[in-house]
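Grab a coffee and work through these exercises with the model open beside you. Try each task before you peek at its solution.

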Amino acid sequence: MDSMDPILLNNLRMLNPFGENEFIENGSIVIVDGHIETISQSPPLDFEGQVIDMHGKTVLPGMINAHTHLYSTLALGMPPPKNTPTSFVEILQEIWWKLDLGLDQASAKASFEAGLMDCIINGVTTVIDHHASPNYVDGSLDLLVNTAEKFGINIGICFETSDRNGLDNFRDELNENIRALKKYSQHPKVLPLLGLHASFTLSDESLQNISTEMKDHPEWGIHIHVAEDLADEKDAQARGYSSVINRLDHFGLLSNRSLIVHGVFITRQDRHLLLQRGCKLIHNPSSNANNRVGILETEIIDSLHAGLGTDGKQNNMLAEVNEGILIRAAKACEPVNYLELLFKNNPAIASKMFGKDFGHICQETQADLVFYDYQPRTAIHAENFMSHILYGLNKPCDVMSAGVFRVRDSKLIDMDAGQILDTAQTQSQRVWKAMQKL
């Protein structure tokens, strides 16, 4: 159970990128009821509660992954596909659509547990997930919520609705989304959305069915891959639409509650429409590079204030930042301030979507904090601390969410890491065997 006793964290180097008081060399944080009550350069004299000396550790806000796929956790080290993919669509067909078909309740649970454990030990305290397990639909999002609660993680949930496994499966997936939207719409730590795989895997009839379900619920939003590959755009055009964005707008699916993921091939006209509708674009640089689909234009990233996700590629957001920088540098593209995406845009998007403030170290925000036992080899101060975040910090030693330590001295609290990993290894073998039969 989360402790409700006030906590005073002393002797901290505070790094709060793009927030107020970005750098405090020796500060204190008071936490009450899971939220930050005060930040100061000296501890309060009349504090009553638990006092913890952090011994000069460096603290960052808990990080947010704005788009990922926890169902892909067990893919690490899996055998190569029987047929070598030669296009993006074939990558989906030969790898990821076989992986999600291989998942059942036991392996989905193992994926959630091992994936979320990797998130929390890397300082990610909020995860917006896009789930798929066509042979385990009913109740899968409840399982994800329950697992996230055990780790103290804020969780965005949806089920990847698609036509690719037949009409009955489409209906089951849509119903799972709707059930979760109704159940969790008021939950303070859960963001339910209506998941769609991509435009090219959904017919006009299916999009109309989704639109009809959402018509009387302006508070609902979609979470969808858009124009990740040119094949998605060509499909929309073949159906009579100018673009994927135009198609989604035709069915009334774009709003300020919509998460639009990738967008590598969206046009300037698409961008203007997304701005008009208030949609949130999520950029996933390492996944785009790995799939060789292209690089999202800097102008689109900047103008839409894009968030940062990993698309299931990894759970380390600082690594995603560094890789994003290197990918653009290797292609001589205009640079993107990836730290801004992570520490400014992601908190803005998540706070708006979840309906609460978090992602910064400031008063009244949720106390999601990540601590590093960092001994810098050069001076660190207000003018250069961003470089230390990029090139100096390694794995955190402590992680707190909602004012409760989830990781302490590099050890997971109240969860058996060894058992989680053992189960993941066992379940991964089952999934890989199931994939080989498809």
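Below are four exercises, each with a worked solution.

A word on conventions: this is a predicted model, where local features need pLDDT of at least 70, side-chain atom pairs count only at pLDDT 80 or more, and totals for chains, interfaces and linings use all residues. Residues are numbered from 1 along each chain as its sequence is written, and side-chain values use heavy atoms, with hydrogens and water left out.

**Exercise 1: the whole chain**

Work out how the radius of gyration of the protein chain compares with the globule rule.

Step one: count the elements. The protein chain has 14 helices and 17 strands, taken as DSSP runs (H or I of at least four residues for helices, E of at least two for strands) numbered from the N terminus.

Step two: apply the rule, 2.2 Å times the number of residues to the power 0.38, with the radius taken over C-alpha atoms. For 438 residues it gives 22 Å, and the chain comes in close to that at 21 Å, so it is as compact as a globular protein of that length.

Step three: check the extents and the burial. The C-alpha trace spans about 65 × 45 × 45 Å along its principal axes. Of the 438 residues, 58% are buried (under 20% relative accessible area; exposed is over 50%, partly exposed in between, with a 1.4 Å probe and protein chains only).

**Exercise 2: helix 3 and its partner**

Decide how helix 3 is oriented relative to helix 4.

Step one: get the geometry. Helix 3 (residues 140-151) and helix 4 (residues 167-184) pack with axes 9 Å apart, at an angle of about 40 degrees. The axes are lines fitted to C-alpha atoms, for helices over the stretch in contact, and angles run from 0 to 180 degrees between N-to-C directions.

Step two: classify. Under 35 degrees is roughly parallel, over 145 roughly antiparallel, 65 to 115 roughly perpendicular, and the rest oblique. Helix 3 and helix 4 are therefore oblique to each other.

Step three: list who touches whom, with contact meaning heavy atoms within 4.5 Å. From helix 3 you get Ser140, Leu141, Asp142 and Val145, which meet Glu176, Arg179, Ala180, Lys183 and Tyr184 of helix 4.

Step four: look at burial. In helix 3, 9 of the 12 residues are buried, so the helix is largely enclosed by the rest of the structure. Leu143, Leu144 and Phe151 are among the buried ones. Just past the end of helix 3, Gly152 has a positive phi of about 75 degrees.

**Exercise 3: helix 11 against helix 12**

Find the relative orientation of helix 11 and helix 12.

Step one: the axes of helix 11 (residues 317-330) and helix 12 (residues 338-354) come within 8 Å and cross at roughly 135 degrees.

Step two: that angle makes helix 11 oblique to helix 12.

Step three: helix 11 contributes Met317, Leu318, Val321, Gly324, Ile325 and Arg328 to the contact, while helix 12 brings Tyr338, Leu339, Leu342, Phe343 and Asn346.

**Exercise 4: positive phi outside glycine**

Is Phe18 buried or partly exposed, and is Ala402 buried or exposed?

Step one: locate Phe18. Its loop lies between strand 1 (7-15) and strand 2 (23-32), and its phi is positive, about 65 degrees, although Phe18 is not a glycine. With 28% relative accessibility, Phe18 counts as partly exposed.

Step two: do likewise for Ala402. This residue is in the loop between strand 15 (398-401) and strand 16 (404-408), with a positive phi near 50 degrees. Ala402 has a relative accessible area of 10% and is buried.
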